[in-house]
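Colleague: I am new to reading protein models. Could we go through this one together, one question at a time?

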Amino acid sequence: MTTLQPRGPYSQEELQQLYPKGLELQLVQVLLRHGERSPVSARFQNAGLHAYWPYCAVARQMVSPTYEAGEGKWSPMQWRKRLETFGSNDNPVVVSGPGGDVDAICNLGELTDKGRETTWELGRRLRHLYVDQLQYMPAMIHDADMIYLRATPMPRALESLQQVFWGMYPSKARAASFPPVTIITRAPADETLFPNDSNCRRFAQLSRAFAQRTADRWNGTDDMEYLNKLISKWMPESSKRVAVDSHPRLSGIMDTVNSTLAHGPQTRLPKEFYDTKGRKIIDKISVEEWFSGYQESQEYRALGIGSLMGDVVEQMVGSVEQNPNDQHREVGGKDGSLGKGRGGEKAIKLALRGCHDTTLAGILASLGAFDGEPWPPYTSHIAFEVFRKSGLQAHASTQTKAEAPASSSWFGSLFGSASSKTVSTGIARQKVETLQESDRSKLDGYFVRIRYNDKVMSVPGCKAAGKHLEGDDSFCTLEAFKSVVDKYTPANWKQACRSNLDAPAFPEKPEPSGY
């Protein structure tokens, strides 16, 4: 899939069904794929496709905070970005686009003007739902300390997150004194907001094994032969046949096709690449290659997406327990401090996470909610909504105190955790079956519902009686939802990434997702 075609706003009748009386929104978490971008690699230049695209007007208006040491202050430096590459004699040359433009050129994998437009529009749609229709979020904000913002290290994910936030709260909806928002990021080695095979050896092993299985299953089929008749003439001499594991890979071909479809006529491939049957074949096989592991292997789920889903559930349970595990402690506070928000906020109401297609599909597949779905289009999003029964007595705040790290030696301070303090996670990271009844009862009366691109999704493990809202199994009880996610939330992701390196890649018996 390429550009998302969003549905219109919910009607009043739909709202009454989706947000029934007797339930109140407690927390909303939105995970969004970045908007349209240029391809991550330059492919098919032999088919007339330019390597660099002229769709990034931001290159003309770059701004960087720059420190003026003499005056001890920061000031914005405006600059214009031009790309350089190798010339025919290895000499440096300025990159130009199909029409000779040199000042709006996208780097590989960069968020384009179209991507900025669609992500801003997603923010506007979120505002219409959660502000205008449901009155869940305030129409005007004086700071953003009730909103958790996080993005991966990829610039397109961060920029998409910023566009969505600005679309949801444009200048007229922000106070004149609005302070800088807090956006949380991680070092690449710690990143779990996408399946991080570069920093998780065991997950890289599993990914290769499932990819090879897909190649073995599909490379000799009639479907692959159909693709070869369509486009093999443009494959490089070193890899003339189209295959799951060709160079470029089948999923790489899909990446270029989808990127071209999302943009203008200056960057189009020959018509054979857009054959409807061919595109369906490519999508079907690529989805299997990348996401079948989540549906079949608990270890794959744990290493690929389990740590992130543990964070998502921790934020839910922290919201219920009213403690810092909803991440408001990270967001709020004046410069140099952590704690309640600058406007007195003590809880997160909305979380926005800027991520990737592999994040969204990995999440849904791990929950048993991705069967039959195509590859996530640009600017797709998942909304996890936590509801509480109306009139439910809120739990007393269980603010947790910082605890000293296990090791306080000078050696540990140099080579141990980068954090000087750890915070108790309460019941959020404990498995449901280990909870005492007094703790388990804290989850009673709370429900989780998933919407993917405004379509309600169901988790198979929530269909049994007692595990969902009576009459609607799309509303998982929080206990049932947490129980499903607990099964593939790793206790120590980095340690798990270093483990089982000599073990078989495939489970001995089926381990279906969503239960």
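Modeller: Happily; we will start with how to read the model and then visit some of its parts.

Residues are numbered from 1 along each chain as its sequence is written, and side-chain values use heavy atoms, with hydrogens and water left out. This is a predicted model, where local features need pLDDT of at least 70, side-chain atom pairs count only at pLDDT 80 or more, and totals for chains, interfaces and linings use all residues.

Colleague: Is α4 parallel, perpendicular or oblique to α7?

Modeller: Helices are DSSP runs of H or I with at least four residues, strands are runs of E with at least two, and both are numbered from the N terminus. The axes of α4 (residues 201-218) and α7 (residues 276-296) come within 9 Å and cross at roughly 135°; axes are lines fitted to C-alpha atoms, for helices over the stretch in contact, and angles run from 0 to 180 degrees between N-to-C directions. Under 35 degrees counts as roughly parallel, over 145 as roughly antiparallel, 65 to 115 as roughly perpendicular and the rest as oblique. So α4 is, relative to α7, oblique.

Colleague: Which helix gives the most residues to the largest nonpolar core?

Modeller: A nonpolar core is a set of buried Ala, Val, Leu, Ile, Met, Phe, Trp, Tyr and Cys residues joined through side-chain atoms within 4.5 Å, and buried means under 20% relative accessible area, exposed over 50%, partly exposed in between (1.4 Å probe, protein chains only). The largest has 88 residues, and Met 309 and Ile 363 are among those with the most contacts inside it. Eleven residues of this core come from the helix that gives the most, α8 (residues 298-321).

Colleague: Is Glu 470 buried or exposed?

Modeller: Glu 470 lies in the loop between β14 (468-469) and β15 (472-477). Its relative accessible area is 81%, so Glu 470 is exposed.

Colleague: Where is Pro 248, the residue joined to His 247 by a cis peptide bond?

Modeller: The omega of that cis bond is about 5°. As for its place, Pro 248 sits in the loop between α5 (222-231) and α6 (250-261).

Colleague: What is the relative accessible area of Asp 90?

Modeller: Asp 90 is found in the loop between β4 (84-86) and β5 (92-94). Its phi is near 70°, a positive value in a residue other than glycine. Asp 90 counts as exposed because its relative accessible area is 57%.
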